[in-house]
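These notes are meant for a colleague who is meeting this structure for the first time. Please read them with the sequence and the model side by side.

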Amino acid sequence: MLEIEHLTKRYGRKAAVSDLSLTLGAGRLAALLGPNGSGKTTLMKMIAGLATPTAGTIALDGMRVGKEMKAHVAYMPTEGYFYNYMTALDAGRYYRDFFHDFNMDNYLSALAKESLDPKGKIRTMSSGMVAKVKLALTFARGSRLVMLDEPLNGIDIVARERTLETIQANHGGERTMIVSSHLVDELETMIDDAIFIKDGELVLAGDANALREKHGMSIVDMYMKIYGEGATLNA
């Protein structure tokens, strides 16, 4: 479904992503893993068409990055992207105007399930409530590829649990999902694939169960081997 070949993104002399190649199948839930500054956000922004690659190609079901592909990719960034005047309902209307696959009924239903007032100002909401609004907006789209950038950051343990439940509830069918995080222990039990990147380079990627069997350790332990001080893990 998603094919990335020799992808590179440079900012001046620094390579944020370097010669990265990756394939993900339809219906998979992949964890994009690495510490802050490893290149996760840059990679996702290139897939979403928000950053232009220096070199390499990205294709979704054969479509190259561009206007047509953007219509099939839902990306939830870490940054806040709401105007100060916006209520949750305003945000829904904003998405409806921009994305033809946005379903307002599904969005409002998700808000109601989380006991969120559509007329509530987003700027007055807690970080956990804002996270729920962002997830509701993202999953109200019918996109074939959904990317969530650090959805567990800055929220308390209860909100994290609800976020993980929402991700699992929206996983399945032909929809492929990529969730970036450095909180690997939170994702360990629910992912199909694990992707480890370090300093913009792909270190290790594949089916999570196959990786566990090959290396004889958990995804958490692999993370420690790859990113811990002085640690190494052979691919």
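1. Since several points below turn on burial, the cut-offs come before anything else: a residue counts as buried when its relative accessible area is under 20%, as exposed when that area is over 50%, and as partly exposed in between. The model under discussion is a predicted one, and every remark that follows should be read with that in mind.

2. As to the overall architecture, the protein has nine helices and ten strands, and its C-alpha trace spans about 50 × 35 × 35 Å along the principal axes. A compact globule with 235 residues would have a radius of gyration near 18 Å, and the protein, at 18 Å, agrees with that expectation. Of the contacts with a separation of 6 or more, 67% are accounted for by residues 24 or more positions apart.

3. Turning to the surface, 49% of the 235 residues count as buried, while the accessible surface comes to about 11,500 Å², with carbon and sulfur atoms holding 48% of that area. There are 27 positive and 29 negative side chains, and the centres of these two sets lie 7 Å apart.

4. Side chains of opposite charge can pair when their charged atoms come close. Counting a pair as a salt bridge when a side-chain nitrogen of Lys or Arg is within 4 Å of a carboxyl oxygen of Asp or Glu, one arrives at twelve salt bridges in this model.

5. One of these joins the side chains of Arg28 and Asp193, with an N to O distance of 2.8 Å. The pair links distant parts of the chain, for Arg28 sits in the loop between strand S2 (14-24) and strand S3 (29-33), whereas Asp193 belongs to strand S9 (residues 193-198), 165 residues apart. Which of the terms, buried or exposed, fits Asp193? Asp193 has a relative accessible area of 9%, and because the cut-off for buried is under 20%, Asp193 is buried. Arg28, with a relative accessible area of 25%, is partly exposed.

6. A local example is the salt bridge between Arg93 and Asp90, in which the closest N and O atoms are 3.9 Å apart. Both residues lie in helix H3 (residues 88-98), where they are three residues apart, about one turn of the helix. Arg93 counts as partly exposed at 39% relative accessibility, and Asp90 is likewise partly exposed, with a relative accessible area of 22%.

7. A further salt bridge brings together the side chains of Glu186 and Arg160 at 3.3 Å, N to O. This pair, too, links distant parts of the chain, with Glu186 in helix H7 (residues 184-187) and Arg160 in helix H6 (residues 157-169), 26 residues apart. Glu186 is partly exposed at 24%, and Arg160 is partly exposed at 22% relative accessibility. Elsewhere, salt bridges that share partners join Glu114, Lys132, Arg162 and Glu165 into one network.

8. Finally, Met222 deserves a look: this residue is placed in helix H9 (residues 219-227) and, at 0% relative accessibility, counts as buried. Leaving aside residues up to four places away in sequence, Met222 touches Phe196, Leu204, Leu211, Arg212, His215, Met217 and Leu233. As for Leu233, which is eleven residues from Met222 along the chain, the C-alpha atoms of the two are separated by 7.2 Å.

Notes:
Residues are numbered from 1 along each chain as its sequence is written. This is a predicted model: local features need pLDDT of at least 70, side-chain atom pairs count only at pLDDT 80 or more; totals for chains, interfaces and linings use all residues. Side-chain values use heavy atoms; hydrogens and water are left out. Helices (H or I, at least four residues) and strands (E, at least two) are DSSP runs, numbered from the N terminus. Buried means under 20% relative accessible area, exposed over 50%, partly exposed in between (1.4 Å probe, protein chains only). The radius of gyration is taken over C-alpha atoms; the globule rule is 2.2 Å times the number of residues to the power 0.38. Contact means heavy atoms within 4.5 Å. Accessible areas come from the Shrake-Rupley method with a 1.4 Å probe; for residues, only the protein chains shown count as cover. Lys and Arg count as positive and Asp and Glu as negative; His and the chain ends are not counted. The place of a charge is taken as NZ of Lys, CZ of Arg, CG of Asp or CD of Glu.
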